[in-house]
Structures are given as structure tokens and as C-alpha cells.
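Thanks for coming. I have one structure to go through today, so please bring it up on your screens.

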Amino acid sequence: MTPERVRHGASIGQPATRRDGEAKVTGAARYTADFRPDGMLHAVMAVSTIAKGRITHLDVAAARAHPGVEAVMIPENAPKLAKSPDEKDNPFAFRLNLLQNDEVRYANQPIAVVIATTLEAATEGAALLSPRYAPETPHVGLDSGKPFVPGTIGAGSATSEGIGDVAAGMDAAEARITATYDTAAQYHNALEPHSTVAKWDGDRLTLYTPTQALWVAKGRLAGLFGIPPENIHIVSHYLGGGFGSKGFLSSPQILGIMAAKLVGRPVKLVTRREQMFGPVGHRAETRQTMTLGARRDGSLTAYHHHTLTQTSSYDDFFEPSGIISRHLYASPAIATTHEGVRGDIGTPIFMRAPGEASGSVAVESALDELAHELGIDPLDLRLKNYAEVEPITGKPFSSKALRECYAQGAERFGWSRRPLAPRQMRDGDGLLVGWGVGTATYPAGMFQGEARATIRDDGTALIETAAHDMGQGAWTVLAQIAADGTGLPMERIDLRIGESNLPNGGLAGGSTGTATSGMAVYNAAKAAVAQLADLATNDPDSPLYGAGNAGFTAADGRLARQDDPSRSESFSEILARAGRSSVEAKGQGAGDPAAQKTYAMHAHGAVYAEVKVDPDLGQIRVTRLVGAFAAGRVVNPRLVRSQYYGGMIWGVSLALHEHAVMDRRSGRIMNASLADYHVPVNADIPSAEAILVEEHDPHVNALGIKGVGELGIVGTAGAIANAVWHATGIRVRQIPITLDKLLD
């Protein structure tokens, strides 16, 4: 039979409002901490105040004597695990701290859990533990240990990669720069903290917890507790932000499950804000050295990007800052290298655009420094070194509309009016004005996902997949994709996501969620429609009888012959005559290995920033941001713009605000609260604009979808750093840029 024709634009591409919007604004949307099973107890973690050493005493008796305290979980009575928490059983597993011994690996490490009838009693009980330690001198910071070359970086990428002879390229250069850029550690602080509501029924676990990877979490828990994965039901309908920190289960989440097992009752554990600094991951600090050589016309002759970063003393994750230099600018000689040092800190993990966000700061700043050395406009220098193929691999891009991004963003921003020299523009209040540009790129990847589609005799469809909505709009965009796949109006789509007993929807990470689960949903929907078509085209009483070779289309809940659209009937009529209440089909979403081998797949963008700087006080304000982005087919422009805004705002945070201040003597973070750990507020973002540049990608997947969640942050911080230089003439190479760095 000729397959259904792929239809575009009925629901996909429409700026539909969030299906979950009303539930969120009315409070009907239930996040993890909103669940309260009968008999539930409250758990509170006690955390270490030292960064290295051993616990010598906990006053368990005092805590246990507090009214309302039911139990105190410590290494001596913590439920035994079937697998060591230091054993990693999947690429997204990290070593956990689950009260297995008295060792302290970092400050803020969980060292006990107090379980009580009220949150207040549990909090007071934890305070009564009064821990004593045998402390050791901690080592923190990039200068605290001997650098070494790790086996891999990021999610298993090569530590070093390049092409050509960099030394020869530098010898041939007519202009050269070498500069080192530092980026500070940033800690995950999603609006919703990591939390758990756990209930055991024998060896069956019902778990409410925010996760970006339901099936990965289910497998991890099955291994730790020695139970079949099918005995675990995880509910995660809504996440109050994830950004990589909820791509794996953290120690606090699993401690809540252990606490419930210890007391034999449901237990809720919600991480306090200050406890987010350590146990749930962060973006590690980096020191990046850029060495660039170029001819006088601006064409690069050599390019070396070296990254030094820190990981924990007991695990391995290395911020892959140099990866961006493997994909972005053309040069005959490129080298990207990484080194790591170990420290007594919580393990760094994935954080929105891991590697690209931090790496782009160095790349975009260095390119601007080279432009100044050559006397070339920074945008012209980027265009001069535009990569027509992926620089290191030589693969053609599956699609690339970066030139259009540069052009549309520059026109909207007014870049042509930018003076070449710094410190040339002021506003009416005497503030220095500067303009900067940065390039954005992010891989367009996919994981494997599955979905189930059921078309019912009432003219509706049930779509089921264990996908995740952490604010990006999955509840909406998956319904839009399902509507186009089934040929039904969007309001007739009943969507179920966010539970581990549904088909594996893949991982919502690496900007892959919509492509992975969306393709699974679309393929399942098409397969269900094909079943309807089989029923109709083989039924002599159907107007579609014999249409197998002619093919068919599905629209508005009806099937019609392609060669004669007047011959059609509704889904309900087809099912009724067949004596069926529904048809059901499964579908998968996965990248095409052949296409991935042939093409380099990336989304691209250009970010333009305006800053104003007080010449006397050094105070910096970002007054305008314009980002132009090309990321394949746009499923929902309203939600895509929202993602770009969020990314650019985080770029402002990276450039000017976020900085975990570490006491190098104690290993403790001194600003572990949102009062002291600064992030942007509305007043910091007076104007942001996102331009959606049209791009068609026939290779990335059948729908042409690329991810957008991480693209917006890449390049934004570099654009802001360049704008600060353009305003002041001062090149700050330590990020975030704070006012003290602009004052003599």
C-alpha cells in the first residue's frame, strides 16, 4: 500500500498556547512536592560542614528524642543496597553518596537523614545531630592539584581532536593572539529543587520525583535496590526546570527512597536551597587558553583551544569546553585539548549546553581580540572564517543557515552603525555603550524513543510515551505532532506522558527531547492510521475500498483517497463497520545512523548584545539582546521563542552574575543561597528579541526537527563580554564580569 503522505502545517508550525498553562497558573499541575500519600512522613538531610575527612560522632540520641522524630538514618542503619552506589551502570549515572560509610568527600554532602511527622520536627532533629569530624585539608580550585589528561570529556567525547599542523599555521600567521579566559563554577538552581515522595509496597516502589529520564531512572533504581524494573512506577508529570541536573537521579532523591524503606511508610524529602550546592551537580570552573593565528585578511591559519577544568576527587566528569571549536570556524589547523584536576567538591555534571556555553565565552572573546588586532569588524571576521563543512571531520552540514542568522540579526540590531574602535558611544546619560556579537551552535542529536498511539471510535486518539516536560512545552508540542500524525484536530488528542509505565520516551537532554519523543509519537500515529486504512481499503463496503495503490490522506478525522478526495469516511465509521472500538500501534524515534555518519548535524545562531556601563562606577547593564537562530523545522514558534529567551537570559547570567564563591581553606561555598548567588531578574533583561530563521533539514530526521533548548545560551555570554570591551576598551577575561574588574 502507498503510505500516507506526510502533511505539514496543520498543527505543526502553529503558535499554540501551552496545553498545561491553565493547570500551572491555577495550581492544578502537581509537582513532586505536591503529592501527599496517606501516612506520609517528612525527611530532612543533615549535610557535612567540612569538605574532606570523616564523621566521628552524630548525636543520634538527641535527634531521636525530639518530639515527632520517627527515625534517624545513618550508615549503621541505612537500608542495604544491592549494588554499590559507586558503580555506574549507564552513561548518565554518577557515583552517589548514600550513607554507606563515614567518609566525607565534599562540603554539603548528605551525612544523615532525619524522618519525622512534620517538616519542622525533621528540620530541628537534623540540627540536633551536632556532627563532629576528623577533618583533612581539602583541595579545591584549578591550582589545587596536578593536571592530567582524562580519558574522555563530557558524555564520552574524545579528549583531544584536531587537524593540520598548528605550529606551522602559527608560523605562517601575520597576526597572532594568545589569551586565557576563566569561567566560574555555576551551580544548578532550578526553581523546583530535587525532591522525592516515595512509597514502598513490599518490593514495589511508587516514586514521585522530577526526572529528565524516566526509564534511565527506573533502571538505576532497579540495580541499586535489586528489584525488577517493572516493580518501579515513577511519576514525573511536571518538572520545575531540569537543565541537566535531573538527567540522572541524585543522592538526595535516592536517600528519600531509602528513608521510606527504613520506616515502612511514605516519605517526602525536598532538598533545601542551600543543599543544592554540591549534591546535585554544577558546571565546573574552567581556564581556557586560546591561541589564534591569521593572515592580514582575517583568514585563520591556526587555532588551538586548550581547557583546564576540575572534577571531583571520586568521579569523572570534565566540562568539554573545547568541543565547540571542533564545529564552528574554518581553519587549516585546529587543535582542541583538555586537562583536568581533582578537587574535594561535588561532581560536576551536565548543565545547559555543557561545554558549548563555557567554551563559547573563550572562542567568541578571542575572535574579537583577533579582529581588533587586525582592524576588522568582528562580524566580518566571523564571515571570513565561515565553515562550509564541519572543520575537523570535513562532513557537509545536514543544513546550515548561519549566514542568514548573521544577516537577519545584524539588520534588526543595527550592527552596521557600530564604530570599530571601543569607547566611542555614549547615551544621553553619559553611560558608555558597547555592541558585541557571538555565534551560537549546538549539536542536533537524537536518542531512541518509543510511543503508542490508539485511535478510538469516538474520533479521538490516545498518545502515550514516557516523555518529560520540564517547562519546554512537551505537553503541547507532542500533541501538535500527534495531531499531524493522526490527521486529527489537536483538541482530539489525549496525551499521556511523564510516567515510567509508558513506552520509553527517551531522554529530555542535549536538546533531543522533541526530536526523539516527537518522532516516536509521529511514527506511532502514522502506524495507527495505516491500520485504519487497511481496514477501510480491504472492506468492500467502504468508499476507500481498493485504494491501496492510489494511497490516502488523513485529515480532520477522516481518510480520503488521494486520487479522489470525495471518496472518504471518518475514523469512527471505519471502526464501527469493522466492529472495533480502536486500533493501536507503536512507533519509534531514533536518528538515522547512515545520515549521522554522512552529515554534521547542528543548529546555529547569532546573538547581538548592547550593554551600557557607568564610567565611574563600572556598573554594567545589558540593555538589548537580539538573537537570530536556525534550528530546522519549528513545531511551535511561541514555545521556541520562549526557549531562546531562556537561553539568552542564562547567557546574561553566565556573563555578569553567576559565581559560586569557594572558601579555598574550608572547601565550602560561601554564597549558597539565591540571596547571594546572583541570577538575573526581570529588571536585568529590559529587551530581548528572538528571530526564527527559516531552515529545512531533510537529513536530521523525517520531521526536520532540531533542538532549541540549549542553543540560545551559546554565544550570548561572549557577545556580552565583547560588548563590555567595546563600551570600555577593557578586555575582561574572567567571567562573570563584575564591576570591580572595570575599575582601576
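I will start with the overall fold, then take one annotated region, one helix pair, a few backbone details and some long-range contacts.

First, a caveat: this is a predicted model. Every value I quote is computed from that model.

The chain has 744 residues, and a compact globule with that many residues would have a radius of gyration near 27 Å; the value here is 27 Å, so the two agree. In terms of extent, the C-alpha trace covers about 85 × 75 × 50 Å along the principal axes. There are 15 helices and 32 strands. Buried residues make up 62% of the 744. Take the contacts between residues at least 6 apart in sequence: 80% of them join residues at least 24 apart.

Next, the annotation. An unreviewed UniProt entry puts the feature "domain: Aldehyde oxidase/xanthine dehydrogenase a/b hammerhead" at residues 26–137. In the model, that span is 14% helix and 27% strand, and its end C-alpha atoms are 50 Å apart.

Now the helix pair. How do α7 and α15 pack? Helix α7 covers residues 356–374 and helix α15 covers residues 716–728; the angle between them is about 35°, and their axes are 8 Å apart. Their crossing is right-handed. On the α7 side, the residues in the contact are V361, E364, S365, D368 and H372, and they meet A717, G718, A721, N722 and W725 of α15. By class, the residues of this contact come out as four nonpolar, four polar and two charged.

On to the backbone. I735 and P736 are joined by a cis peptide bond, with omega at about 10°. P736 sits in the segment that follows β32, which is residues 734–735.

Two residues other than glycine have positive phi, and I list them here. A353 has phi near 60°. A353 belongs to the loop between β19, residues 334–343, and α7, the helix we just saw packing with α15. Is A353 buried or exposed? Its relative accessibility is 0%, so A353 counts as buried. The other one is S511, which is not a glycine either and has a phi of about 55°. S511 is in the loop that runs from β24, residues 493–496, to α11, residues 513–537. At 11% relative accessibility, S511 is under the 20% cut-off and therefore counts as buried.

The last part is about residues that come together from distant places in the sequence. I have four examples.

A333 is in the loop between β18, residues 300–312, and β19. A333 has a relative accessible area of 3% and is buried. Along the chain A333 and A167 are 166 residues apart, yet their C-alpha atoms are separated by 8.6 Å. What does A333 touch, leaving aside neighbours within four places in sequence? Its contacts are I163, G164, D165 and V166, together with T301, A302 and Y303.

A173 is in the loop between α4, residues 166–172, and β10, residues 175–183. With a relative accessible area of 6%, A173 is buried. Its C-alpha is 9.9 Å from that of G298, with the two positions 125 residues apart in sequence numbering. Not counting residues up to four places away, A173 touches G293, A294 and T301. T301 also appears in the contact list of A333.

L255 is in helix α6, residues 251–263. L255 has 0% relative accessibility and so counts as buried. Which residues does L255 touch beyond four places in sequence? They are M45, M73, N97, L98, L99, P110, V113 and L269. For the C-alpha atoms of L255 and L96, the separation is 9.9 Å in space and 159 residues along the chain.

The final example is P131, in the loop between α3, residues 119–127, and β6, residues 132–135. Its relative accessibility is 29%, between the 20% and 50% cut-offs, so P131 counts as partly exposed. P131 and S48 are 83 residues apart in sequence, with 8.1 Å from C-alpha to C-alpha. Outside its neighbours within four places, P131 is in contact with H57, L58 and I111.

That is what I have. I am happy to take questions.

Methods
Residues numbered from 1 in each chain as written. Predicted model: local features only at pLDDT ≥ 70, side-chain atom pairs only at ≥ 80, totals over all residues. Heavy atoms only, no water. Axes fitted to C-alpha atoms, helices over the stretch in contact; angles between N-to-C directions. Helix = DSSP H or I, 4+ residues; strand = E, 2+ residues; numbered from the N terminus. Left-handed = near helix turned anticlockwise from the far one by under 90°. Contact = heavy atoms within 4.5 Å. Nonpolar A, V, L, I, M, F, W, Y, C, P; charged D, E, K, R; others polar. UniProt positions renumbered as here; feature names shortened; annotations may be inferred. Rg over C-alpha atoms; globule rule 2.2 N^0.38 Å. Buried < 20%, exposed > 50% of the residue type's maximum accessible area, 1.4 Å probe, protein only.
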